[in-house]
Amino acid sequence: MLIQRHLHVRGLVQGVYYRDTCRQLAEESDVTGWVRNLHNGDVEALFEGSPENVTRLVRWAAKGPGAAEVIKCTVTAESPEGHRDFRILPDARPA
């Protein structure tokens, strides 16, 4: 069974290796999806995989790497889309 979670992470999460660490952990955990910086300094991510592995990554995302200071991590459950790998996407442009 696969699950998918969409995250929005606020705080000091850019310039602290958040995306690269997220990618490494996702690949080690067999989780697919993506992560990207948002124009306002936040990070957005999508995790897809087994409930155990996705839950582990969501817990990590709420703390981030050592230099990060996560203020808030919003998690939304979504239907799995069938991602094949985990990627760091280009930064999102302002709306």
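**Notebook: sheet, helices, core and salt bridges**

I began with the strands and found an open sheet of five, in the order β4-β1-β3-β2-β5, with mixed pairing. I noted that β4 (69–78) and β5 (86–88) stand at the edges with a single partner strand each, so one side of each has no neighbour in the sheet. Ignoring direction, I read an average turn of 15° between neighbouring strands. I keep in mind throughout that this is a predicted model.

I then looked at the edge strand β5, which pairs with β2 (residues 32–37) in the parallel sense over three bridges; within β5, I88 is the bridge partner of V35. Turning to the helices, I saw that α1 lies across β1, β2, β3, β4 and β5, and that α1 runs at about 170° to β5.

Next I asked myself which residues of α2 are buried. They are N53, V54, L57, V58, W60 and A61, and, seen down the axis of α2, the buried residues fall within an arc of 160°, so they line one face of the helix. On the other side of α2, I found E52 and R59 exposed. The buried residues of α2 pack against β1, α1, β3 and β4.

I followed this into the largest nonpolar core, which has 20 residues, and among its members L7, Y18 and F47 touch the most others. At least two residues of this core come from each of β1 (3–12), α1 (18–28), β3 (43–49) and α2 (51–61), and α2 gives the largest share, with five residues. For L7, leaving aside neighbours within four places in sequence, I listed contacts that include V43, F47, V58, A61, C73 and V75.

Last, I went through the salt bridges, of which the structure holds seven. One of them joins R10 and D42, with the closest N and O atoms 3.6 Å apart; R10 lies in strand β1 and D42 in the loop between β2 and β3, so the pair ties together parts that are 32 residues apart in sequence. I noted that R10 is partly exposed at a relative accessible area of 43%, whereas D42, at 5%, counts as buried.

A second salt bridge brings the side chains of D91 and R19 together at 3.4 Å, N to O, and links the segment after β5 to helix α1 across 72 residues. Within helix α1, I found R23 and D20 three residues apart, about one turn of the helix, with their side chains meeting in a salt bridge of 2.6 Å, N to O. I closed the entry with the network of salt bridges that links D20, R23 and E27.

Conventions
Residues are numbered from 1 along each chain as its sequence is written. This is a predicted model: local features need pLDDT of at least 70, side-chain atom pairs count only at pLDDT 80 or more; totals for chains, interfaces and linings use all residues. Side-chain values use heavy atoms; hydrogens and water are left out. A nonpolar core is a set of buried Ala, Val, Leu, Ile, Met, Phe, Trp, Tyr and Cys residues joined through side-chain atoms within 4.5 Å. Buried means under 20% relative accessible area, exposed over 50%, partly exposed in between (1.4 Å probe, protein chains only). Helices (H or I, at least four residues) and strands (E, at least two) are DSSP runs, numbered from the N terminus. Contact means heavy atoms within 4.5 Å. Two strands pair if DSSP finds at least two bridges between them. Axes are lines fitted to C-alpha atoms, for helices over the stretch in contact, and angles run from 0 to 180 degrees between N-to-C directions. The arc is that of the directions from the helix axis to the C-beta atoms. A salt bridge is a side-chain nitrogen of Lys or Arg within 4 Å of a carboxyl oxygen of Asp or Glu.
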